[in-house]
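Here are my notes for anyone opening this one for the first time. Keep the viewer handy and go point by point.

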Amino acid sequence: MQDPDRKDLGQAAERLFSPGRGLWVVPVRHHSPACAWALEALIRDVAPTHLLVEGPDDFDRHIDNILDPGTRPPVAIVALTEVEGATTLRTASHYPLTAHSPEYVALRAGRTAGARLRFIDLPSGTFPDSPTPAIAQPLQDDLPFTSGDYIDALCQATGCRDGHDLWDHLFETRLGTGNWQEFFRDVGAYCAGLRQATPPDARTLRREAHMARHVRAALGDGAAPRVVVVVGGYHAPALCDPESVTQDAAPGAPATSYLVRYGFAALDALGGYAAGLPLPGYYDRLWTEVQATGAAPAWGATALALISGHAEALRKDGHLQPVPILVESLRLAEGLARLRGRPGPMRQDLLDAAASAMVKGEASDRKLWTADFARYLRGDRLGQVCRNAGLPPLVADAQSRAAALRFAVTDSTPRERRLEVRRKPAHRAASAFLHAMAILETGFARMTSGPDYMAGPDPVHLHEHWSVAWSARVEARLIESAALGDTLPSACAAQLLLDYETLEAEARRGDLPLRCRLLLRGLLAGLGGELMPLARRLAQDIALSRDPSALAETLRQLNLVAVTRGPLRAPAVLDIRALVSAAFDRLVWLIDSLPGLPADDLPSAIDALRLVNAVLAGPGGEALDAGRFAAALDRLAASRVPPALLGAALGLGALAGRRTEAEVAAAVAGGLAGMDLGEGRSALLAGVLRAAPAILCRNGPVMDAVDAHLARIDEPAFLELLPELRAAFSTLTAQETARLATHVATRHALGPAETTLDPADAAALRKVLDDLVTQGLGAWLAQATGERA
Amino acid sequence: MVGEVQKQPAEIRFAEELARLAASDPGPRPPGWRLSPRAVRAFVTGDEARGVTRKFWGDDALVDRCIVSVMGLQGLLLVGEPGTAKSMLSELLSAAICGTSRLVVQGSAGVVEDHLRYGWNYALLLAEGPSARAMVASPVLTAMRTGQIVRIEELTRCPPEVQDSLISILSERTLAVPELGEGTEVRAAPGFNVIATANLRDRGTHEMSGALKRRFNFETVESIRDPAFERALIARQLADRLADHPAIPAPAPDVLDVLVTVFRDLRTGRTAEGETVAQPSSIMSTAEAVNTVHAASLAAAYLDGGPLTARHVAGQLRGVVFKDDPEDGRKLRAYVDQVARPRARSSRAWAAFCDGT
């Protein structure tokens with residue numbers, strides 16, 4: 001890197017304005033009010049015939065709409081370009097304009113002066129694709145202003161924090177003061193240094209060549225043209241001498257573009273450093289002040305207004321800031337400004353002061369503490385666009401569908417809707433629309449109550465209740481999603497595919513059910529064939545899955561879809577049955593690998609087997625080959641398996657009728673009587689109970705075996721076994737426990753009152769009572785308990 | 001006097017720089033301050049043009065905020081992990097602002113109110129009764145009388161009742177001394193303020209009351225983020241400490257690299273390649289790194305009679321850094337096995353490090 005020479009910088013600044021030639025090249029920084037102010041004065045004085053602005057030249061057709069009285073910034077031009085090789089995904093690039101953007105101010109002032117207005121950059125179709133499709137990228141580059149050795153060195157010399165702070169310190173402090181000649185000369189010198197420190201790349205040179213061509217054309221147009229060129233400061237030195245910049249390049253294709261309303265929040269989020277000064281609300285406020293007074297803003301009063309405005313906003317939310325903290329905040333801000341040599345507190349000073357005054361503890365990340373204040377400074381304004389400007393197709397599609405389904409899109413009052421999705425097709429269509437809007441996270445509708453489709457058939461909740469409200473934010477979100485597709489279904493499908501890829505990138509264990517859930521959401525949104533790519537990916541993942549519990553849950557979900565006749569019903573083209581079979585096949589295949597599973601995963605594996613059994617026994621199970629499942633379980637039982645798994649396999653086999661219950665009973669009895677320490681003895685029983693609790697409740701040989709064992713052992717052995725038994729029996733649900741207790745009571749001819757005990761406890765209590773009787777305390781017992789003895 | 005004590009206060013060590021700054025300082029001075037705020041900042045962060053060295057490596061914006069805090073009526077409380085140079089910053093600021101860093105109260109569980117207000121010379125008290133001669137002023141009272149800065153180290157180690165006696169001093173800026181007569185009080189002269197330091201998360205510290213917190217501006221001093229910075233700092237600190245042992249050479253750069261990398265990996269829980277590392281419970285601060293390399297240099301020079309290698313560093317690591325948690329030893333072992341050994345294959349310094357553990 002070559003150190004910029006002071007003389008060179010001065011000379012570069014001098015060359016910007018050549019009144020003799022009729023050319024004024026104005027270096028600006030995007031969204032800088034100081035530049036806008038000086039530029040307005042320049043245009044007033046120069047009275048140009050041509051006004052050229054840095055921006056894709058296919059945006060010329062939007063200029064009239066931008067200047068239409070019905071359009072109020074912040075607005076943006078959104079360009080949608082096809083991504084090479086992808087059929088549905090596109091890149092969305094945004095060109096924002098705020099009231100304090102030099103470009104916007106220039107267009108207005110130029111129109112008032114009667115100049116010809118033109119954009120002069122390469123067409124929007126040539127801008128590079130965003131690295132993450134469907135996430136918007138800015139069309140205005142700002143990188144040189146915020147990074148690099150030149151900026152770092154200047155920051156160190158002036159004591160500024162970063163490139164934004166440096167710009168504020170050097171130039172925004174001059175807002176409303178001085179004359180435009182001096183201002184732009186200084187900006188020019190600053191930017192010439194930038195350019196010298198970071199030489200341009202090939203793409204920048206191509207852009208500058210294109211811009212120079214436009215400048216030459218303007219200079220040759222008419223008798224005595226006066227051409228004002230408004231460009232980002234980095235490019236200004238190149239355009240001072242347009243004849244010298246020649247390069248043959250293919251002009252490049254335009255993209256479809258729309259003028260849309262935009263918000264400060266979206267602007268701030270558009271890439272942080274890469275898109276101009278942050279926290280647009282703050283700069284907008286400065287601009288409003290300077291426009292109102294015609295002079296520099298009263299920095300101290302502005303700081304006071306911002307701090308108290310923020311306190312007021314907090315008070316509305318219910319957080320009260322004590323006044324001493326606000327006073328200290330203001331004092332710190334002014335002190336910092338004085339220490340750093342500024343006329344008044346700037347953005348960074350305000351943020352620093354707020355953090356220091358408000359934080360009362362260790363702050364490992366100051367940004368968290370100032371986030372609320374930063375949000376307040378950023379502002380929430382949404383702009384407006386005149387009627388003539390078209391809308392991106394997705395927004396138009398969503399609006400027309402909403403209107404057809406009788407949802408209001410003209411105001412933002414929330415309304416309630418009750419949808420009987422099973423009975424009325426029109427309601428079904430409305431529900432699909434609302435689910436689709438939810439997939440795109442537009443915030444248009446929220447389900448306040450309704451069936452949980454993922455859990456299964458729900459006899460209780462038959463209807464969906466939604467709270468619906470259109471708002472400018474919904475529109476903004478649709479505009480952001482415009483890159484995903486032109487119609488609502490295609491955009492939803494693309495979004496689901498993106499979510500699928502995100503899950504894949506995160507690659508968490510056992511996330512197969514989550515991926516399957518995406519498919520179900522798409523079905524609820526009424527998507528049909530658009531879900532084919534998703535279904536294909538899911539099929540691939542099922543075939544490769546190695547997690548039995550995740551597979552079992554996925555099987556359950558897919559089976560639900562296959563048998564339902566409600567909103568989750570899938571079109572035949574998706575072939576859900578094939579997916580169900582695939583999941584089943586893979587599970588059966590995995591059963592053979594269960595013996596190698598680590599001990600921690602055994603309970604979930606047993607649950608998986610139980611789930612498969614339930615699916616086989618339920619609706620849709622007849623389409624699956626239960627015999628293969630049973631055969632796999634047999635193989636499992638025959639191999640060396642942990643006792644819990646063996647119990648599960650035996651129990652399920654008995655339920656299916658392939659084994660006699662006597663076999664199971666023998667195994668359980670063997671386990672209980674065994675010499676295993678720890679959980680070994682009742683592990684088998686635990687496995688049976690977890691997988692097939694019905695066995696124990698059937699009052700058959702297994703119950704006999706357990707009962708006999710419990711009756712046989714003496715009390716110390718019983719007490720030793722008790723914790724394991726307790727753990728084993730805890731897998732039963734309340735209903736199963738009640739049923740089991742009834743059986744035990746009947747078996748031992750106990751009255752109903754005694755059946756509230758855990759059956760193992762009941763047997764123990766019975767033993768103790770018997771002991772008491774044999775020890776001759778029967779009379780006492782009879783007295784103590786009344787007639788029972 | 002120089003050279004006869006282990007450590008001189010900052011205003012004596014850097015007396016020349018302070019004089020130079022005072023002479024060439026045109027800026028306005030707040031009441032009671034010896035230097036203007038810009039000069040104080042130059043003293044702490046360095047100013048090549050005036051021949052002032054940088055003394056605090058960290059966030060310059062933090063220094064700005066500290067200076068502006070002390071200008072006002074709130075106290076300044078520096079918090080952060082141990083070993084982040086909070087006390088050093090406090091010392092530098094008070095030396096520059098009021099010319100003395102020696103008005104210090106050392107916080108501990110044994111601090112009583114007398115340490116913060118005033119005590120008595122009991123012999124004189126009994127002999128003459130209460131008088132100004134019998135009163136022993138605390139550093140706080142002295143600072144109030146002379147309009148200087150009082151430093152309170154480890155504020156949160158003081159019992160809460162004692163901490164709270166600062167509340168009225170900070171808001172009323174006056175200390176009543178009823179023993180010397182009705183209505184006798186000492187009002188703070190302009191320039192009085194308190195700079196306190198605290199470890200908020202250590203054992204043996206008390207919670208500060210809300211009222212006291214409100215009277216302080218909190219500033220968090222963080223560990224150094226830039227590895228190159230840290231390396232340069234460690235090298236300089238080591239050179240200072242070894243000034244008494246001229247025979248010991250400066251450490252080789254690759255040894256310092258190993259030291260800095262080990263400390264950063266264990267401190268942040270993440271290697272440069274992105275692998276996660278179990279963090280020991282002892283704080284792996286820059287100060288500890290300096291201690292480690294200091295001990296290692298001495299061991300290498302006097303016990304082994306050779307140059308400093310990473311093996312000596314490894315040998316000192318356990319003793320200097322890991323205080324009482326046996327788990328830390330295991331974590332170091334895991335770190336050596338998973339991270340250091342692969343690196344040892346391509347670097348001699350890392351191989352030496354693995355040898356020493």
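1. Start with a pair of side chains in chain A: Arg347(A) and Asp168(A) form a salt bridge, with the closest N and O atoms 3.3 Å apart. The term here means a side-chain nitrogen of Lys or Arg within 4 Å of a carboxyl oxygen of Asp or Glu. Across the interface of domain 1 and domain 2 of chain A, the rule finds three salt bridges.

2. Before going on, a word on what you are looking at. This is a predicted model, in which local features need pLDDT of at least 70 and side-chain atom pairs count only at pLDDT 80 or more, while totals for chains, interfaces and linings use all residues. Residues are numbered from 1 along each chain as its sequence is written, chains are lettered from A and ligands numbered from 1 in the order in which they are written, and side-chain values use heavy atoms, with hydrogens and water left out.

3. Where do the domains of chain A begin and end? Domain 1 covers 6-280 and domain 2 covers 298-378; such bounds come from an automatic or database domain assignment. Domain 1 of chain A brings 14 residues to the contact and domain 2 of chain A brings 13 residues, contact meaning heavy atoms within 4.5 Å. The area buried between these two domains of chain A is about 1,200 Å², and carbon and sulfur atoms give 55% of it. Buried area is the accessible area (1.4 Å probe) that two parts lose on being put together, summed over both.

4. The same interface of domain 1 and domain 2 of chain A has four residue pairs in polar contact (both at pLDDT 80 or more). That takes a pair of N or O atoms within 3.5 Å; within protein, one must be able to donate a hydrogen and the other to accept it, and residues adjacent in sequence count only if both atoms are side-chain atoms. On the side of domain 1 of chain A that touches domain 2 of chain A, the elements giving two or more residues are helix H6 (163-170) and helix H10 (264-269) of chain A. H6(A) gives the most to that side, with four residues. Helices (H or I, at least four residues) and strands (E, at least two) are DSSP runs, numbered from the N terminus.

5. Now for the two chains together. Chain B gives 24 residues to the contact and chain A gives 21 residues. Between them, chain B and chain A bury about 2,000 Å², 50% of it on carbon and sulfur atoms. Which three residues supply more than any other three of the area that chain B buries against chain A? They are Arg65(B), Val68(B) and Phe218(B), with 27% of that area.

6. Chain B and chain A have two salt bridges between them. Asp64(B) and Arg340(A) meet in a salt bridge through their side chains (3.1 Å, N to O). There are also eight residue pairs in polar contact between the chains (both at pLDDT 80 or more). H4(B) gives the most to the side of chain B that touches chain A, with six residues. The residues on that side divide into eight nonpolar, six polar and 10 charged. For those classes, Ala, Val, Leu, Ile, Met, Phe, Trp, Tyr, Cys and Pro count as nonpolar, Asp, Glu, Lys and Arg as charged, and the others, Gly among them, as polar.

7. Chain B has domains of its own: domain 1 (10-220) and domain 2 (227-356). Their C-alpha centres lie 35 Å apart. Domain 1 of chain B puts six residues into the contact and domain 2 of chain B puts in eight residues. The area buried between these domains of chain B is about 650 Å², with carbon and sulfur atoms giving 66%. In domain 1 of chain B, Trp57(B), Pro82(B) and Gly83(B) lose the most area to domain 2 of chain B, together 70% of what that side buries. The rule finds zero salt bridges across this interface of chain B, and zero residue pairs in polar contact (both at pLDDT 80 or more).

8. One last spot to check is Ser545(A), in the loop between helix H21 (532-544) and helix H22 (548-563) of chain A. Is Ser545(A) buried or exposed? Ser545(A) counts as buried because its relative accessibility is 10%; buried means under 20% relative accessible area, exposed over 50%, partly exposed in between (1.4 Å probe, protein chains only). Not counting residues up to four places away in sequence, Ser545(A) touches Leu512(A), Leu551(A), Arg586(A) and Leu590(A).
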